Amino acid sequence: MISLYRPGDSALHRLPAGPKLLIVMALALALSLAPADPWLLAPAVAGVAGAYLLAGLGPRDLGQEAWRLRWIVLVLAVGQIFFLPWQTVAANAGRVVVVILLANLVTLTTRTERLVDAIERALTPLRRLGVNPGRVALMLSMTITTIPVIAGYATQIREAQRARGVPLAPLAFVVPLLIMTLKHADDLADALTARGVD
Amino acid sequence: MDDRPSRFDTRDVTRIVVFAAIIAVLGIPGAIPIGGPVPITAQTLGVMLAGAVLGAWRGAAAVVIFLVLVLAGLPLLSGGRGGAGVFVGPSAGFLIGWIFGAFVVGLIVRLGSRPPVWWRTALGCFVGGVGVVYAIGIPVQSMVTGLPVGETAVTSAAFLPGDLLKTVAATIITMALWRAYPRAFGNPIRVRA
């Protein structure tokens, strides 16, 4: 599984995952709730660009990240241009880009495992409500290993149908996929039980 | 019916896991960004199926597991998107809406552990998979993009045909699965005489 993480050793990389996620998400949320005002947007852009530099990600990386948002921006602008003056549309689009770039900074500078661990720790207080953090962690790692298995089933079914000359039909594809997948789930359950995971 | 999280057994755990993975796999063929800042995706089909097949709590749990992996930085959303950014972007509300959507789908389709019947499945997939998801997604999108709620709803209407098609597909698939592999629907279903 290819994560969106970019290895590095900056101050941002070294920040513990939990607090980093909390702080950055809170900032991003505050920014997206603030009015789309150019006077507020300019320092936000500067701040985010500065944070990328601090994380060891140069203008190239920042540009690359922004370029990934091109469809969101295009579609957002097309949707709004009928309703709002273009200055407002530009400010709104700019704000969305800045907010997403800011939040993605967490993803770019934190290993997936670290974030999973942080999320698991955050779940500990939910133990009272019957949520078992250890079990959640098990499910998260099992899902990561199961995705390629199911993607493999999908390829298998597609190839089998192509071999028989069946035209690509979504229904004829999903039902066998689900049955194979759910059988796999039962096998997994048996394997877990056999290993003493209750 | 008691399928609350504290009652999840090993079989529930692995079913939740494989459905989280199914939602991810349904995002692989790629999204067609069209009509609004939220790309069209087969993943909502996965959300409807999770609720219909697993029931309310387990269905919602599968969506939560999937979204936690997205938040942790895996590019599992259609079009290879992922990371913390999508949870503050225009489609954030739709993603959170999936959790409640799957729950409501499960509530309606499996009304008190009953086996699925086609009309309740169709109703559940529509109310949960479309109604609930839009009811949470549109206000959040309006907040993020700065376009008023009414206008955002108009632009979101572009997704309605696709989502209706997915409702129909989810209903047909659920009923076909019920005939082909009733075990999928969980530990002994109480069939009412």
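This is a short walk through a predicted model, with a suggestion at each stop for what to select.

**Stop 1: the annotated spans of chain A.** Start by colouring residues 12-33, 39-57, 69-86, 136-154 and 166-185 of chain A, which the unreviewed UniProt entry annotates as "transmembrane region". Now pick out two of them. Residues 136-154 of chain A are 100% helix and 0% strand, and their end C-alpha atoms sit 26 Å apart. Residues 69-86 of chain A are 72% helix with 0% strand, and here the end C-alpha atoms are 19 Å apart.

**Stop 2: the domains of chain A.** Next, give separate colours to domain 1 (11-124) and domain 2 (132-194), as the domain assignment of chain A has them. Taken over C-alpha atoms, the centres of these two domains of chain A are separated by 34 Å. How many residues does each domain bring to the contact? Domain 1 of chain A provides four residues, and domain 2 of chain A provides four residues. On the domain 1 side, look for two nonpolar residues, one polar and one charged.

**Stop 3: where chain B touches chain A.** Bring chain B into view and select the contact between the chains: 49 residues of chain B meet 63 residues of chain A. Which helix of chain B supplies the largest share of its side? Select α1(B), residues 10-25, for the answer: α1(B) gives 13 residues. Then add α3 (56-71), α5 (118-145), α6 (149-156) and α7 (160-180) of chain B, each of which contributes at least two residues to that side. Finally, colour the chain B side by class, and you will find 33 nonpolar, 12 polar and four charged residues.

Note on methods: Residues are numbered from 1 along each chain as its sequence is written. Chains are lettered from A and ligands numbered from 1 in the order in which they are written. This is a predicted model: local features need pLDDT of at least 70, side-chain atom pairs count only at pLDDT 80 or more; totals for chains, interfaces and linings use all residues. UniProt positions are given in the numbering used here, feature names are shortened, and annotations may be inferred rather than shown by experiment. Helices (H or I, at least four residues) and strands (E, at least two) are DSSP runs, numbered from the N terminus. Two residues are in contact if their C-beta atoms, placed from the backbone, lie within 7 Å. Ala, Val, Leu, Ile, Met, Phe, Trp, Tyr, Cys and Pro count as nonpolar, Asp, Glu, Lys and Arg as charged, and the others, Gly among them, as polar. Domain bounds come from an automatic or database domain assignment.
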